[in-house]
Amino acid sequence: MRRLLLSALGAFPAGLRAAPAGLNGHAVRGGRPAAAPDDGLSGTGGTAPAPDRHRPSPGRGRGDTVRAWTELFRVSALFSVPGDALAGAAAVGRSPGRGTALAIGASLCLYEAGMALNDWADREEDAVDRPHRPIPSGRISPSAALGAAGALTAAGLALAARAGRPALAVATGLAATVWAYDLHLKHTKAGPAAMAAARSLDLLLGATATATATAYAGTGPGPRATRPMRLGAVPPTGPDNVARAAGPARSLLAALPAALVLGAHTYGVTAVSRHEAQGGSTAVPLAVLATTTALAAAVLATHQRQRPGEPATPGLATTAPGSSHRPDHPHHPAAPAMPDLGAPPPGTYRPSHHPHRPTAPALTPLLLTAFTGAYLRTAGPPLLHAALNPSPPLTQRAVGGGIRAMIPLQAALAARAGAPGSGLAVMALVPLARSLARKVSPT
């Protein structure tokens, strides 16, 4: 009989015979773990799904290795990255192009480098608070995580360099901020500010790379293929090219308001995340909820103050590039004596404001309202729940909601800048992010 019982127990999987684990990876003593309630308002079902809370045994094959790396990189949070570059391109009045694609690639690499470096730096803390994560569970070695962070940083800088020297300068600042945050600043009071600066720089990277990719285009009678200036090359001289050389600096100024909005949201999410392991904070989620509401109101108010038919960016030129008769040409009699620092580079045009193309003035406000509403709906309810019950599961859910809320916020910023198409493209990432968040936690 004893042999029969032992053989029956051996037929069960090891995970069913092990002690149950709590929501934050701690073993529960004296009872079952409390299940996280489904967050029906935000439509996510929680940011720490059940598969991510188990502690898999190391060395189970290739599938488990892929799973470990997807958890280390938080792949479900990757969908919050491309919108930075698209919102940056819209802020400077440019259509997405080669520079935008390079900025997205660089941003993805630097974002994932930060994820790997974060877990490497927190490996000892995670061994106590989150033993299910890839490094403390033994599924990924610390040296492999650190090597991946270094390789991805180098790849991100290389992609930014292909977009031009100004884009490389912004990407270098972004990479330095990411490494400084993960290695030291996140455990200080400057942590949320550093993370906010990183997200703002990511949007500015998209704006700079997009502007640089077309800053040195030809000015002949017809359109020419545009490409970034080679590293080390001397910019062409002449009045027209001197005006273009100032384009990246003006692009940074034009994109700065949108970057500050995104940075303020990131600051709040990071402030909440500092309590996701232990919970216990009610004031922080409430303050971040108020900030989220204020940001949404600011985005809507900025658009309503614009006159009908006026471009979102002041000083936006409406003449297509390559035209031989352009009012923004330095030698044109109607040209201003000094360039408007708040305007995009000369020759910039927005398709929706092109004089020969139809505009949709009623569509943009509707999309902007819808995107802003989605932003509030995604970030607001989890923050309210975390304020009412500041437990670790609900605090983690509020962090996950804040990460996903960046997507509709980016879409709203693009629509506010007069690029509803880019906003729709960003919003198309929401279902993918929500589906993947049920399998791999973004926090």
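Biologist: I am new to this structure, and I would like to start with one residue. In which helix is Leu-260 found?

Modeller: Welcome! Leu-260 sits in helix α12. Please keep in mind as we go that this is a predicted model.

Biologist: How do I read whether such a residue faces outwards? Is Leu-260 buried or exposed?

Modeller: Look at the relative accessible area: a residue over 50% is called exposed, and one under 20% is called buried. Leu-260 has a relative accessible area of 55%, so this leucine is exposed.

Biologist: Which residues form a nonpolar patch on the surface?

Modeller: Leu-260 is one of them, together with Leu-253 and Leu-256. The accessible area of the three together is about 270 Å².

Biologist: Let us turn to empty space. How do I look for it?

Modeller: Rolling a probe the size of a water molecule over the atoms shows where empty space is left. In this model, the largest pocket holds about 930 Å³ of space.

Biologist: Which elements give two or more residues to the lining of the largest pocket?

Modeller: They are α6 (98-121), α7 (123-129), α9 (165-183), α10 (191-212), α12 (247-273) and α15 (392-416). Of these, α6 gives the most, with six residues.

Biologist: How many residues line the largest pocket, and which lie nearest its centre?

Modeller: The lining has 39 residues, and those nearest the centre are Asn-118, Tyr-181, Met-195, Thr-270 and Ser-273. By kind, the lining divides into 16 nonpolar, ten polar and 13 charged residues.

Biologist: Now the charged pairs. How do I recognise a salt bridge, and how many are there?

Modeller: Look for a side-chain nitrogen of Lys or Arg within 4 Å of a carboxyl oxygen of Asp or Glu. That rule gives ten salt bridges here. One of them joins Asp-119 to Arg-74, with the closest N and O atoms 2.9 Å apart. Asp-119 belongs to helix α6 and Arg-74 to the loop between α4 (62-73) and α5 (82-91), so the pair ties together parts that are 45 residues apart in sequence.

Biologist: Are these two partners buried or exposed?

Modeller: Asp-119 has 1% relative accessibility, so it counts as buried. Arg-74 is at 4%, so this arginine counts as buried too.

Biologist: With which other arginine does Asp-119 form a salt bridge?

Modeller: With Arg-133, where the closest N and O atoms are 3.7 Å apart. Arg-133 lies in the loop between α7 and α8 (142-162) and Asp-119 in helix α6, so this pair ties together parts 14 residues apart in sequence. Arg-133 is buried, as is Asp-119.

Biologist: And what does Glu-276 pair with?

Modeller: Glu-276 forms a salt bridge with Arg-130, the closest N and O atoms being 3.8 Å apart. Glu-276 is in the loop between α12 and α13 (283-304), while Arg-130 is in the loop between α7 and α8, so the pair ties together parts that are 146 residues apart in sequence. Through shared partners, salt bridges join Arg-74, Asp-119, Glu-125, Asp-126, Arg-130, Arg-133 and Glu-276 into one network.

Biologist: One last topic: residues far apart along the chain. How far apart are the C-alpha atoms of Arg-397 and Ser-273?

Modeller: Compare the count along the chain with the distance in space. Arg-397 and Ser-273 are 124 residues apart along the chain, and 9.7 Å separates their C-alpha atoms. Arg-397 is part of helix α15, and at 3% relative accessibility this residue counts as buried. Likewise, Leu-432 and Phe-79 are 353 residues apart along the chain, with 7.7 Å between their C-alpha atoms. Leu-432 lies in helix α17 (residues 430-437), and with a relative accessible area of 48% this leucine is partly exposed.

Definitions and conventions:
Residues are numbered from 1 along each chain as its sequence is written. This is a predicted model: local features need pLDDT of at least 70, side-chain atom pairs count only at pLDDT 80 or more; totals for chains, interfaces and linings use all residues. Side-chain values use heavy atoms; hydrogens and water are left out. On a 1 Å grid over the protein atoms alone, a cavity is a set of points where a 1.4 Å probe fits but cannot get out, and a pocket is an open set with protein on both sides within 12 Å along at least five of seven lines; lining residues have an atom within 4 Å of a point. Grid points are joined across faces, edges and corners, and a volume is the space filled by probe spheres set on the points. Helices (H or I, at least four residues) and strands (E, at least two) are DSSP runs, numbered from the N terminus. Ala, Val, Leu, Ile, Met, Phe, Trp, Tyr, Cys and Pro count as nonpolar, Asp, Glu, Lys and Arg as charged, and the others, Gly among them, as polar. Patches are made of residues with over 30% relative accessible area and no salt bridge: like charges are joined within 9 Å, nonpolar side chains (Val, Leu, Ile, Met, Phe, Trp, Tyr) within 5 Å. Accessible areas come from the Shrake-Rupley method with a 1.4 Å probe; for residues, only the protein chains shown count as cover. Buried means under 20% relative accessible area, exposed over 50%, partly exposed in between (1.4 Å probe, protein chains only).
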